[in-house]
Protein chains: 2
Amino acid sequence: MRIVEKIADLKTIIRAQKREGKTIGFVPTMGYLHKGHLSLIETSIRHNDFTVISIFVNPTQFGPNEDFDRYPRDIEGDLKKAESVGVDVVFIPAKEEMYPQGYMTYVNVEKITDSLCGKSRPGHFRGVTTIVNKLFNIVEPDRAYFGQKDAQQALVIKKMVEDLNMNVEVIVCPIVREEDGLAMSSRNAYLSDEERKSAAILYESLLEAKEMVEMGERDGKKIVGHIKNKIESKTNAEIDYIEVVKASTLENADILEGEILIALAVKFGQTRLIDNITLSC
Amino acid sequence: MRIVEKIADLKTIIRAQKREGKTIGFVPTMGYLHKGHLSLIETSIRHNDFTVISIFVNPTQFGPNEDFDRYPRDIEGDLKKAESVGVDVVFIPAKEEMYPQGYMTYVNVEKITDSLCGKSRPGHFRGVTTIVNKLFNIVEPDRAYFGQKDAQQALVIKKMVEDLNMNVEVIVCPIVREEDGLAMSSRNAYLSDEERKSAAILYESLLEAKEMVEMGERDGKKIVGHIKNKIESKTNAEIDYIEVVKASTLENADILEGEILIALAVKFGQTRLIDNITLSC
């Protein structure tokens, strides 16, 4: 496994692979790898001849009062995990390598970034699409892998690739969960023991919402109300949003029909967690 | 010479060329080809195995009160010219092919797009960088060619390619001029006979500015003043801007030093023309 810090070096490695006709899989991460990341990486290794992962805590996707500085980091642990599953290259650029002095170009997907996490985190998706655009140009992957946990992110990246005619297939992989249902996230490390226990309520409430839909409920507001009640009555968590939207456009779905995404963001103490579930109605 | 209207078809052609190890040159245009375009195309043909040009009047780079609807078009003439110099592929997509229903992604270079033409034409460069980004992803050229006449555009595109780590070399070619010095432009077709005669003053005044600098003048304001006086005293043209800036950053250069760009935009009747000259101080 090679560890690469410079863009030019990675481009040289990629070009050599492509000359040999090898397919490239890519998993961009912010590190602190968990089983969710590893499932993406393992899928990439299965699908492609050569798998690159990046570890880069991207400053442009954090707001001024967010957790950029304290985002959990464990490069040594990450490298061991990456090596153990068979990653070919880990790309770990410095901030100045990705955003040198005088940097001034941004990629923005409009409209579908106005709702859900985009509403709570202004500028977040602009940072995500910019760094992913850069990484796609550096790695030139045939396929790139993202987790369904960040459902809006996956949709926004697919939209960027489609709109800008980029030459990469974006593959979205299922959410990996802890035993009690909590979606895997690097940010789970922030939770106190008590918060960690409470946080299981997110998936429980999504499963209850699913059950409501399966029993015939089609009123989005009633579903949101049920999840909200459950979380507020059982925890001290602060709800950022709970939304029922069309899965393909993130438009509000007051009446459930077709492919539906139920997505939520909830703060346990200082820690903001997201989760979601998709349903066919 | 192949004429291609669909993105997918062009990607197939490009992939076949790349598999054979051919280098791809690319000249994006809005059509109504003149000798300036042809000099770019001929340079591309000299440098590369396979040359693609695009003809697309890009709606997103025109403001609401600009000349999108009346921009001059002559596809038949353009195809003849392209064929005569040996272009391999002309890409002529429909508007809906480039911006389908639901399009929502834009690429923006900040700061260096705030001055000069960016100031007079808000949103213009966002449209330019978005379409060029798309075209680069479709054509995947080794080299792309732009005219120095649009000096700010060339700089903005170079900056986009650098910032987004795109895999293309941007080559800027010298301005091609009419006999009386007027810079070649598709928009020259708008000029009345009288306006056409007057317009020669742009290059004359730039040459006088150059002479002033060669004689030792280093005061940017005096140079701007001289050009302004000359144009206002000899024509009815309306000055949009005359600026003396650093060639690499477009920052104001009150005192000339290093590589300098003297750029201007002037309206003759309804027709806005631009021209510029670069100098080493």
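Trainee: In this predicted model, how many salt bridges does the rule find across the interface of domain 1 and domain 2 of chain A?

Mentor: Start with a pair you can look up: Asp67(A) and Arg187(A) form a salt bridge, and their closest N and O atoms are 2.8 Å apart. That distance passes because the rule asks for a side-chain nitrogen of Lys or Arg within 4 Å of a carboxyl oxygen of Asp or Glu. Across the interface of the two domains, the count is one salt bridge.

Trainee: Okay, and where do the two domains of chain A sit in the sequence?

Mentor: Taken over C-alpha atoms, their centres are 26 Å apart. The contact between them draws on 21 residues of domain 1 and 18 residues of domain 2. As for the bounds, the domain assignment puts domain 1 at 2-173 and domain 2 at 186-280.

Trainee: Which helices of chain A each supply at least two residues of the side of domain 1 that touches domain 2?

Mentor: First, some context: between these domains there are eight residue pairs in polar contact, both residues at pLDDT 80 or more. On the domain 1 side, the residues touching domain 2 split into nine nonpolar, seven polar and five charged. The helices that each give at least two of that side's residues are helix 5 (116-120) and helix 7 (151-163).

Trainee: Now the two chains. What area do chain B and chain A bury between them?

Mentor: People often give the size of an interface as the accessible area lost when the parts come together. Here 26 residues of chain B are in contact with 26 residues of chain A. Carbon and sulfur atoms make up 45% of the buried area, and the total is about 2,500 Å².

Trainee: Which three residues supply more of the area that chain B buries against chain A than any other three?

Mentor: Together, this trio supplies 27% of the area chain B buries against chain A. Look for them on chain B: they are Met104(B), Leu164(B) and Asn165(B).

Trainee: And which residue of chain A does Arg126(B) form a salt bridge with?

Mentor: The rule finds two salt bridges across the interface of chain B and chain A. In the one with Arg126(B), the closest N and O atoms are 2.5 Å apart. The partner is Glu110(A).

Trainee: Last one: in strand 5 of chain B, what is the bridge partner of Thr105(A)?

Mentor: Strand 5 of chain A covers residues 105-109, and five bridges join it to strand 5 of chain B. The two strands run antiparallel. Thr105(A) has as its bridge partner Val109(B).

Methods
Residues are numbered from 1 along each chain as its sequence is written. Chains are lettered from A and ligands numbered from 1 in the order in which they are written. This is a predicted model: local features need pLDDT of at least 70, side-chain atom pairs count only at pLDDT 80 or more; totals for chains, interfaces and linings use all residues. Side-chain values use heavy atoms; hydrogens and water are left out. Contact means heavy atoms within 4.5 Å. Buried area is the accessible area (1.4 Å probe) that two parts lose on being put together, summed over both. Two strands pair if DSSP finds at least two bridges between them. Helices (H or I, at least four residues) and strands (E, at least two) are DSSP runs, numbered from the N terminus. Domain bounds come from an automatic or database domain assignment. A polar contact is a pair of N or O atoms within 3.5 Å; within protein, one must be able to donate a hydrogen and the other to accept it, and residues adjacent in sequence count only if both atoms are side-chain atoms. Ala, Val, Leu, Ile, Met, Phe, Trp, Tyr, Cys and Pro count as nonpolar, Asp, Glu, Lys and Arg as charged, and the others, Gly among them, as polar.
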